[in-house]
Amino acid sequence: MDLGEATAPVVAVVGVVGTLLSALLTQRAADRSRRREQERAEAVRERRRHAQELRACYVALNSSARQYLAALTDQLHALGRAEELRTVRQRLTEARDQYRDVYAEAQLRMPERVLDLAAGFSHDLGAVYGMVRRLDDGTPGAGDSPAAVRENIGELWGRLRRMRREMRTELGAFRTDSGR
């Protein structure tokens, strides 16, 4: 057999093997690319899900804090009117319980920067609650007065606004809402 006759089948085999390997390598590259794209899409979905959960947490915390502050204010206004106290006390107890539940969940989700604000707010909210309850029970402590409660509630509304701004910043709301 001469070299020319042997070369043709070798070249043909190499050509076929090359064609088959090319198709295989192209398929593997496409699979890797598809896998990377799926991983990227999953990461985007995960970030969106996390942002939605955090947003829901922030909405619940803001809403329950507002209800708690409103219930404290109502309790303060009802102190001199015994006929309203039972209903207002019940509302305050429910608002406080709701806030505590929401805050407990928020503690596990919020970033430290927002959590620090929420922790201070929650502590001071509890202190105002104690003042209101002592006034309601007729056993005010030093510094407990309706005027002091009103002042503290006013400060808490301001702190809630600051906390809400931080929550919105954390969610990126100011990047999309520059008109306000």
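Which residues make the nonpolar surface patch of about 440 Å²? Select Val13, Val17, Leu21, Leu24 and Leu25, which together form it. The model on screen is predicted. Val13, one member of the patch, lies in helix 1, which covers residues 3-78. An α-helix has 3.6 residues a turn, so residues three or four places apart point the same way.

Next, stay in helix 1 and select Gln75. Is Gln75 buried or exposed? Gln75 counts as buried because its relative accessible area is 0%, and the cut-off for buried is under 20%. To see what surrounds Gln75, show Leu85, Val88, Arg89, Leu92, Val132, Arg133 and Asp136; these are its contacts once residues up to four places away in sequence are set aside. Draw a distance between the side chains of Gln75 and Asp136: a polar contact of 3.1 Å joins them.

From Asp136, move to helix 3, residues 112-137. Helix 3 has 26 residues, and the distance from its first C-alpha to its last is 37 Å, close to the 38 Å expected at 1.5 Å a residue. Just after helix 3 comes Gly138, with a positive phi near 80°.

The last stop is Arg96, in helix 2 (residues 82-109). Why does Arg96 count as partly exposed? Its relative accessibility is 25%, so Arg96 falls between the cut-offs of 20% for buried and 50% for exposed. Leaving out residues up to four places away in sequence, Arg96 touches Tyr68 and Tyr129. Arg96 and Tyr129 are 33 residues apart along the chain, and their C-alpha atoms are separated by 8.7 Å.

Conventions:
Residues are numbered from 1 along each chain as its sequence is written. This is a predicted model: local features need pLDDT of at least 70, side-chain atom pairs count only at pLDDT 80 or more; totals for chains, interfaces and linings use all residues. Side-chain values use heavy atoms; hydrogens and water are left out. Patches are made of residues with over 30% relative accessible area and no salt bridge: like charges are joined within 9 Å, nonpolar side chains (Val, Leu, Ile, Met, Phe, Trp, Tyr) within 5 Å. Accessible areas come from the Shrake-Rupley method with a 1.4 Å probe; for residues, only the protein chains shown count as cover. A salt bridge is a side-chain nitrogen of Lys or Arg within 4 Å of a carboxyl oxygen of Asp or Glu. Helices (H or I, at least four residues) and strands (E, at least two) are DSSP runs, numbered from the N terminus. The expected span of a helix is 1.5 Å times one less than its number of residues. Buried means under 20% relative accessible area, exposed over 50%, partly exposed in between (1.4 Å probe, protein chains only). A polar contact is a pair of N or O atoms within 3.5 Å; within protein, one must be able to donate a hydrogen and the other to accept it, and residues adjacent in sequence count only if both atoms are side-chain atoms. Contact means heavy atoms within 4.5 Å.
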